[in-house]
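This briefing sets out the fold, the nonpolar cores and one surface patch of a single protein chain. Please keep the structure in view while reading.

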Amino acid sequence: MVKGVRGLNLLVTAESISNFGDGIWIILMPLLGYNLWHSSLAIGIVSLVTLSPYVLGILFSNYVDRMVPPVVMIICDVGRMLLSFLLAVLLLSGRSTFVLFIVLVFLLSSFSVFYIPSRTAAVPNFFKKEVVQKTEAIFNVSDFLFLVVGKLFCGFLLGISVSYGLLVLIDSFTFLVSGFCNYFFYKMYVKKVIISKNNTVMVDCKFNPNFWTNLSA
């Protein structure tokens, strides 16, 4: 954490919790695919489906870049939270099929593709240069640490026979918390706070579609 930079600490907290959820997700999804299809081929299919949405990043990155980064991050968190919750309900009710599971995995990965690039774009445009210089190491350590902790947490719960449905529900909760942190960041730095860049003052930007273009100019 960076002392006195509350907004940055919100971003670090959001990404840390998001990475914790990703750690659970990375371990759980291939195992869940195997459990639903009872074939080792399922693990390869899940891995392929998880990576395939990166094509969307190439196709739609120009459109996403025109949006305010915290808004994209909130959308990603809300999308992942709702999809994880839906998957948890299907698993707990015994109604999930392999095909439906693959569709949900693809959609979950699609939201994840745009999260980190949006956070990376947000930092240099909302903080002073001296703060930006400190952030890379902070985010790298946070990403690695919480991803590992999420994997260990998932492994521990699997070891004590916690159900897949409950694990996915926990995953959904992590994205909910991350979304709240990003929402508070949005309220602080986009909707209410005066943003200054190159001696130009911009106030109350809200959801102005031209905001990010003007700010980056």
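The points below go from the overall architecture to the interior and then to the surface. The model is predicted. The chain has nine helices and two strands, and from the N terminus on its elements run α-α-α-α-α-α-α-α-β-β-α.

**Overall architecture**
- Of the 217 residues in the chain, 46% are buried.
- Among the contacts with a separation of 6 or more, 78% join residues that are 24 or more positions apart.
- The chain exposes about 11400 Å², and 69% of that area is supplied by carbon and sulfur atoms.

**Nonpolar cores**
- The largest nonpolar core holds 25 residues, of which Leu28, Met29, Leu32, Leu87, Phe101 and Val168 touch the most other members.
- At least two residues of this core come from each of helix H1 (6-37), helix H2 (41-51), helix H4 (69-93), helix H5 (98-113), helix H7 (129-159) and helix H8 (164-192).
- Leaving aside residues up to four places away in sequence, Leu28 touches Cys154, Leu158, Tyr164, Leu167 and Val168.
- A second core, separate from the largest one, has 16 residues, including Leu10, Val12, Tyr115 and Val123.

**Surface patch**
- In soluble globular proteins, nonpolar side chains tend to be buried together.
- On the surface of this model, however, Val141, Phe144, Leu145, Phe146, Val148, Val149 and Leu152 form a nonpolar patch, with about 640 Å² of accessible area together.
- Leu145, one of the patch residues, lies in helix H7 and counts as partly exposed because its relative accessible area is 45%, between the 20% and 50% cut-offs.

Terms used:
Residues numbered from 1 in each chain as written. Predicted model: local features only at pLDDT ≥ 70, side-chain atom pairs only at ≥ 80, totals over all residues. Heavy atoms only, no water. Core = buried A, V, L, I, M, F, W, Y, C linked by side-chain atoms within 4.5 Å. Buried < 20%, exposed > 50% of the residue type's maximum accessible area, 1.4 Å probe, protein only. Helix = DSSP H or I, 4+ residues; strand = E, 2+ residues; numbered from the N terminus. Contact = heavy atoms within 4.5 Å. Patch = residues over 30% accessible without salt bridge, like charges linked within 9 Å, V, L, I, M, F, W, Y side chains within 5 Å. Areas by Shrake-Rupley, 256 points an atom, 1.4 Å probe, with all protein chains shown as cover. Salt bridge = Lys/Arg side-chain N within 4 Å of Asp/Glu carboxyl O.
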